[in-house]
Amino acid sequence: MSEQQVCPTDEKGIGFFERYLTVWVGLCIIAGIALGKVAPGIAKSLDGMAIYVNEAPVISIPIAICLFFMMYPIMVKIDFGEVVKAGKSIRPVSLTLFINWAIKPFTMYAIAGFFLGTLFLGFIGPDAVDYVKAPLGSNLEVGATYGAGEVVLVDGVKMLQVPLWRSYLAGCILLGIAPCTAMVLVWGFLAKGNDGHTLVMVAINSLTMLVLYGVLGGLLLGVGQLPVPWQALLLSIGVYVALPLIAGYLSRKWVIAAKGEVWFREKFLHYLTPVTITALLATLVLLFSFKGETIVENPLTILWIAIPLTIQTLVIFALGYVISKALGFTYESAAPTAMIGASNHFEVAIATSTMLYGLSSGAALATVVGVLIEVPLMLALVKFCLKTRGWFVSETAGAVLEATPVTPDGEPIQ
């Protein structure tokens, strides 16, 4: 697979929307807070357009539409034929899967739990509470307990009242179990890594997520004494991962058959490039219109969440990079292996948090903070990778050495 085939942004590098994603998120914070103050009924009316189960809002229809368009452009880029070829780089693939699913979720839980539940608890407020959706399919009475929550009525709707820090922890957990966004294709390209390996891991992680996302989410949310709505977890995987995955696969196959692969990559994907970010930003405006009051009253909330997320990212990157070095990987494999683990599939995390706990929940806010720190942090790690290329053997250097004739003593022939 050539570089031109792997990523349609190769010639231009990171796109306009992606390059300034942190700026757009910041503007959405401002716009959302302003909307919540000027017209507080708009976001509530939109969020009220939902599918209800047992009097509990399960799927917000406007948000579901936004999130589908957030996910679809990512899924349509995946060439599943490359998954079959993953065996050629079995060690990097195995290490990536091991870090993403056996280590990362648990370090996220430990780091976020320590900072939010212990170190920063006094700043967040030990008595501060959040109101999240009642579990899908449950028929709990008012006053009943569920995990660390208590069922209460909020504007006539059954909700769970949970400690605010645990709601933030839930969002961090959902980020920790959602590895590798399509953005990692950009990070891998900018770091001059192996684009084929990166693309394969995007596909494999998307498929693995169908199985492990709900399992690990239920496990870690349960350990944290947070609501574990298994039915909602499975439904969220179906709506926000499986549906766009199937739609992406089928439409990719149809478009390539009808127009050819060149048109698909150069035209179709070009039109889709801003769709994910636009849908993401529309969702964020609604989210911050709900959380604006909390942020205005305590603007350091973003900082308390950002610190453990940043530490988690750096720890996982370092782990992947060091192990790759110890196993003798080339730089082209080591860089994307480390960055795939460090980055988060924040689109899925945001989608799941809004479905499980609600658009106005602290969990949803925590996943948005993940977006806020993702771009500048990953760009810094790209620069670090480029500066440390000399720590690894290069695929290009290896190929040159193999092609260079040598004497019987192993000296290159001049």
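A residue is taken as buried when its relative accessible area is under 20%. By that cut-off Ser251, at 18% relative accessibility, counts as buried. This serine is a convenient place to enter the structure, which is a predicted model. Ser251 is found in helix H12, spanning residues 230-259. Once residues up to four places away in sequence are set aside, Ser251 touches Tyr72 and Val76.

Stepping back to the whole chain, the protein holds 18 helices and 6 strands. It has 414 residues, of which 55% count as buried. Contacts often span long stretches of sequence: among those between residues at least 6 apart, 82% join residues at least 24 apart. The protein exposes about 17,200 Å², and carbon and sulfur atoms supply 67% of that area.

The interior can be described next. The largest nonpolar core has 96 residues, and within it Leu284 and Met339 touch the most other members. Helix H17 (residues 362-387) gives this core its largest share, 14 residues. Apart from it lies another core, made of 7 residues, including Tyr72, Val255, Leu269 and Leu272. Tyr72 has already appeared above, as one of the residues touched by Ser251. As for Met339, its contacts beyond four places in sequence are with Val184, Trp187, Gly188, Ala191, Phe317, Met378, Val382 and Cys385.

Another buried position is a glutamate. Glu332 lies in helix H15, which covers residues 331-342. With a relative accessibility of 6%, Glu332 falls under the 20% cut-off and therefore counts as buried. In sequence Glu332 and Ser394 are 62 residues apart, yet the distance between their C-alpha atoms is 6.7 Å.

Strands also deserve a look. Four of them build an open sheet in the order S3-S6-S5-S4, with antiparallel pairing. The edges are held by strand S3 (129-133) and strand S4 (145-146); each has a single partner strand, so one side of each is left without a neighbour in the sheet. Strands of a sheet pair through backbone hydrogen bonds, in either a parallel or an antiparallel manner. Strand S5 (residues 149-154) and strand S6 (residues 157-163) run antiparallel and are joined by 5 bridges. Here Val154 stands opposite Val157 of S6. The hairpin of S5 and S6 has 2 residues between the strands, and Asp155 takes a positive phi near 55 degrees. S4 and S5 likewise run antiparallel, with 2 bridges joining them. Tyr146 has Gly149 in S5 as its bridge partner. S4 and S5 form a hairpin with 2 residues between them, and in its turn Gly147 has a positive phi of about 65 degrees.

Charged side chains offer a brief story. Side chains of opposite charge can pair when their charged atoms come close. In this model the count comes to 1 salt bridge. The side chains of Arg265 and Glu261 meet in a salt bridge with an N to O distance of 3.1 Å. Both residues lie in helix H13 (residues 261-297), where Arg265 and Glu261 are 4 residues apart, about one turn of the helix. The two partners can also be described by their cover. Arg265 is buried, because its relative accessible area is 10%. Glu261 is partly exposed, with a relative accessible area of 33%.

At the surface, Tyr20, Val23, Leu27 and Ile30 make a nonpolar patch of about 380 Å². One of these residues, Leu27, has its place in helix H3 (residues 21-38). Leu27 has a relative accessible area of 46% and is partly exposed, whereas Ser251, where this account began, counts as buried at 18%.

Key
Residues numbered from 1 in each chain as written. Predicted model: local features only at pLDDT ≥ 70, side-chain atom pairs only at ≥ 80, totals over all residues. Heavy atoms only, no water. Buried < 20%, exposed > 50% of the residue type's maximum accessible area, 1.4 Å probe, protein only. Contact = heavy atoms within 4.5 Å. Pairing = 2+ DSSP bridges. Areas by Shrake-Rupley, 256 points an atom, 1.4 Å probe, with all protein chains shown as cover. Patch = residues over 30% accessible without salt bridge, like charges linked within 9 Å, V, L, I, M, F, W, Y side chains within 5 Å. Salt bridge = Lys/Arg side-chain N within 4 Å of Asp/Glu carboxyl O. Core = buried A, V, L, I, M, F, W, Y, C linked by side-chain atoms within 4.5 Å.
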